Amino acid sequence: MPDARGVPPAPWIVQWAGLVAPDATTLDLAAGRGRHALFFAERGHKVTAVDRDASRLPAHANIEPLQADLEDGSPWPLGDRRFGAVVVTNYLHRPLMPNLFEAVAPGGVLLYQTIMAGNERFGKPSNPDHLLNDGELLEMVRGKFSVIAYEARLISEPAMAMVQRIAARRT
Ligand SMILES: C[S@@+](CC[C@H](N)C(=O)[O-])C[C@H]1O[C@@H](n2cnc3c(N)ncnc32)[C@H](O)[C@@H]1O
């Protein structure tokens, strides 16, 4: 499978990327083909891109690929590393939330977008384990992050989907 060259980043990530400090290291979790890793790498950020299949990640001097299964009970693969930005799109594994929140350095930025309940009528995922509940993303960051923007809405591009998305700064 080709890497993410030519695959556009999610508009939410582009919209709020300006919050990320120019010298911030970035973590792209469940990076897939690395469209957001590439987006931040090309903006000059050092990016660590984690996925259970790192073979699809773009080769780029600013991208550190890290192959890890995030759900098999292994320890969090990033230890106590902290990043100036953590980016997650189209991925949810609730047990990881404390680790990924902790991976955002104080003052750093969390950009997160994924599918929510109500998406079932548009297709997969339909497993509730992979769907955010109403208001869940907002609730999860409460007390840990200052919320800059939050939406729960239907999007039509690249396909119809019910999503929640947040841009927040770690306090
Ligand atoms: C829907 S894709 C999203 C990819 C990327 N974030 C994007 O939006 O373009 C979900 C990604 O999660 C990864 N993934 C799923 N389960 C995983 C696991 N247990 N450990 C690590 N990565 C996993 C998949 O390999 C896939 O690349």
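This passage walks through a predicted model, from a covered helix to the ligand site, the salt bridges and a surface patch.

A good place to start is helix H2, which spans residues 35-42 and is mostly covered, with 6 of its 8 residues buried. Those buried residues are His 36, Ala 37, Leu 38, Phe 39, Phe 40 and Ala 41. Several elements contribute to their cover, including helix H1 (11-16) and the strands E1 (26-29), E2, E3 (63-67), E4 (83-89) and E5 (104-115). Just after H2 comes Gly 44, whose phi is positive, at about 100°.

Strand E2, one of the elements that cover H2, takes in residues 47-51 and includes Thr 48. Thr 48 counts as buried because its relative accessibility is 4%, which is under the 20% limit for that class. Leaving aside residues up to four places away in sequence, Thr 48 touches Thr 26, Leu 27, Asp 28, Glu 64, Leu 66, Leu 78, Arg 81 and Phe 83. With Arg 81 there is also a polar contact between the side chains, at 3.0 Å.

The ligand comes next. It is surrounded by 14 residues, and the closest are Ala 30, Arg 35, Asp 51, Leu 70 and Thr 89. Ala 30 is found in the loop between E1 and H2, and its relative accessibility of 16% makes it buried. Apart from residues up to four places away in sequence, the neighbours that Ala 30 touches are Val 50, Asp 51, Leu 70 and Tyr 91. Ala 30 and Arg 52 are 22 residues apart in sequence, yet their C-alpha atoms are 7.5 Å apart in space.

Backbone atoms of three residues can be followed to polar atoms of the ligand. A backbone N or O atom of Ala 30 lies 2.8 Å from a ligand nitrogen. For Arg 52, a polar backbone atom is 3.2 Å from a nitrogen atom of the ligand, while a polar backbone atom of Gly 32 is 3.4 Å from a ligand oxygen. On its own the ligand has 590 Å² of accessible area, and the protein covers 79% of it.

Asp 51 leads from the ligand site to the charged side chains, as this residue is among the closest to the ligand and also forms a salt bridge with Arg 56, at 3.1 Å from N to O. Side chains of opposite charge can pair when their charged atoms come close. The two partners differ in exposure: Asp 51 counts as buried at 8% relative accessibility, whereas Arg 56 is partly exposed at 21%. Asp 53 belongs to this group as well, for Asp 51, Asp 53 and Arg 56 are linked in a network of salt bridges. Across the model, the count of salt bridges comes to 9.

Another pair is Glu 136 and Arg 94, whose closest N and O atoms are 2.6 Å apart in a salt bridge. Glu 136 is in helix H4 (residues 136-141) and Arg 94 is in the loop between E4 and helix H3 (97-102), so this salt bridge ties together parts 42 residues apart in sequence. Glu 136 is buried, with a relative accessible area of 13%; Arg 94, at 25%, is partly exposed.

A further salt bridge joins Arg 165 and Glu 151, with 2.9 Å between the closest N and O atoms. Because Arg 165 lies in strand E7 and Glu 151 in strand E6, the pair ties together parts that are 14 residues apart in sequence. Arg 165 is buried, with a relative accessible area of 9%, and Glu 151 is partly exposed at 26%.

The stretch between these two strands leads to the surface. Met 160 sits in the loop between E6 (145-155) and E7 (161-170). With a relative accessibility of 43%, Met 160 counts as partly exposed. Together with Phe 122 and Leu 154, Met 160 makes a nonpolar surface patch of about 240 Å².

How values were computed. Residues numbered from 1 in each chain as written. Predicted model: local features only at pLDDT ≥ 70, side-chain atom pairs only at ≥ 80, totals over all residues. Heavy atoms only, no water. Patch = residues over 30% accessible without salt bridge, like charges linked within 9 Å, V, L, I, M, F, W, Y side chains within 5 Å. Areas by Shrake-Rupley, 256 points an atom, 1.4 Å probe, with all protein chains shown as cover. Salt bridge = Lys/Arg side-chain N within 4 Å of Asp/Glu carboxyl O. Helix = DSSP H or I, 4+ residues; strand = E, 2+ residues; numbered from the N terminus. Buried < 20%, exposed > 50% of the residue type's maximum accessible area, 1.4 Å probe, protein only. Polar contact = N/O pair within 3.5 Å; in protein donor to acceptor, adjacent residues only side chain to side chain. Contact = heavy atoms within 4.5 Å. Near = heavy atom within 4 Å.
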